[in-house]
Amino acid sequence: MAGPVVELPVTIKVAAICGSLRKASYNRGLIRAAIETSKEEIDGMEVEYIEISSLPMINPDLEVDGTYPPEVEDFRRKILRADSCIFASPDYNYSITPPLKNALDWGSRPSNVWSGKTAAALSAVGGGRRAQYHLRQIGVFLDLHFINKPEFYLNAHRPPRKFNDDGDLVDSETKYKLKEVLVSLHTFTLRLRGNC
C-alpha cells in the first residue's frame, strides 16, 4: 500500500547579473544581499551571481560552426539552467550599461537562452529607473517576463546610509524592500511554470 504523496517545495534557480564591473558597486551589493536573503529567508529560491566581465564584445566573427568562445558558452549554459534572472544595473546615458547589453546580446544569439524566463530589475542609483525601462523594452524582444511590482529604485547617496565601504547593503528597510522583490519574482516564476 502506497503512503501519502509528499510534495517537495519547488526550487527556482535565479541567475543574478550586475551591469557594473566596479568591485564595490552598490548594484553588486544588491545582488550579494539578494543571495543572502534567498538563503536565509525564502524557501525554494537559489540565487547565483553570474560574472559578465570576461565576455568578449559581441562579434559574429567569434562564432565558429555554431559555437561561441568558451567564456560565452559557459555564460549561456548558466543562463539556460536558470528559471529566472535578476538584473542590477546603474543608468549609463539613459540606458543600461555596455557590459549588460553585451551579455544580453550574447545570450540572444541562436538559440536565445533568455526566452521564457521571468526577471526582476534592481537599481541602486536614482537614474536607474531609466535603465530599467530600457531593459524592459529589450526584454520584450528577448521574451523575458519582468515582474511589474514592486519596482525597486534606490538612491544610495541619500541618507540614511544604505551601503558600507565594501559596497554591502546595511540598511534594514532596503533589505525588506529587496525581499519583497524576491518573493514577487518567486511567486511569478512558479505561476508562469504552472506550479501555483
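# Exercises on pockets, core and sheet

The largest pocket has a volume of about 200 Å³. This is a predicted model, in which local features need pLDDT of at least 70 and side-chain atom pairs count only at pLDDT 80 or more, while totals for chains, interfaces and linings use all residues. Residues are numbered from 1 along each chain as its sequence is written, and side-chain values use heavy atoms, with hydrogens and water left out.

**Exercise 1. Determine which elements line the largest pocket, and state the classes of the lining residues.**

Step 1. A pocket is an open set of points on a 1 Å grid over the protein atoms alone, where a 1.4 Å probe fits, with protein on both sides within 12 Å along at least five of seven lines; lining residues have an atom within 4 Å of a point. The volume is the space filled by probe spheres set on the points, which are joined across faces, edges and corners.

Step 2. The lining includes Gly29, Arg32, Glu36, Asp168, Lys175 and Lys179. Two elements give two or more residues each: helix H1 (26-41) and helix H5 (172-193). Helices (H or I, at least four residues) and strands (E, at least two) are DSSP runs, numbered from the N terminus.

Step 3. H1 provides the largest share, 7 residues. By class, the lining has 3 nonpolar, 2 polar and 7 charged residues. Here Ala, Val, Leu, Ile, Met, Phe, Trp, Tyr, Cys and Pro count as nonpolar, Asp, Glu, Lys and Arg as charged, and the others, Gly among them, as polar.

**Exercise 2. Describe the second largest pocket by volume and lining.**

Step 1. Its volume is about 170 Å³.

Step 2. Of its 13 lining residues, Tyr153, Leu154, Glu173, Thr174 and Lys177 lie nearest the centre. The lining divides into 6 nonpolar, 1 polar and 6 charged residues.

**Exercise 3. Identify the elements that supply the largest nonpolar core.**

Step 1. A nonpolar core is a set of buried Ala, Val, Leu, Ile, Met, Phe, Trp, Tyr and Cys residues joined through side-chain atoms within 4.5 Å. Buried means under 20% relative accessible area, exposed over 50%, and partly exposed in between (1.4 Å probe, protein chains only).

Step 2. The largest core has 29 residues, and Leu30, Met45, Ile86 and Leu122 have the most contacts inside it. At least two residues each come from strand S1 (12-18), H1, strand S2 (45-49), strand S3 (84-88), strand S4 (118-122) and H5. H5 gives the largest share, 6 residues.

Step 3. A second, separate core of 27 residues includes Ile79, Ala82, Ala131 and Leu135.

**Exercise 4. Place S4 in the sheet, and explain why one side of S2 and of strand S5 (145-146) lacks a neighbour.**

Step 1. The open sheet of 5 strands has the order S2-S1-S3-S4-S5, with parallel pairing. Two strands pair if DSSP finds at least two bridges between them.

Step 2. S2 and S5 stand at the edges with a single partner strand each, so one side of each has no neighbour in the sheet.

Step 3. S4 is joined to S3 by 5 bridges and to S5 by 2. Threonine 118 is the bridge partner of serine 84, and histidine 145 in S5 is the bridge partner of threonine 118.

Step 4. In a regular strand the side chains alternate between the two faces of the sheet. In S4, Thr118, Ala120 and Leu122 on one side and Ala119 and Ala121 on the other are all buried.
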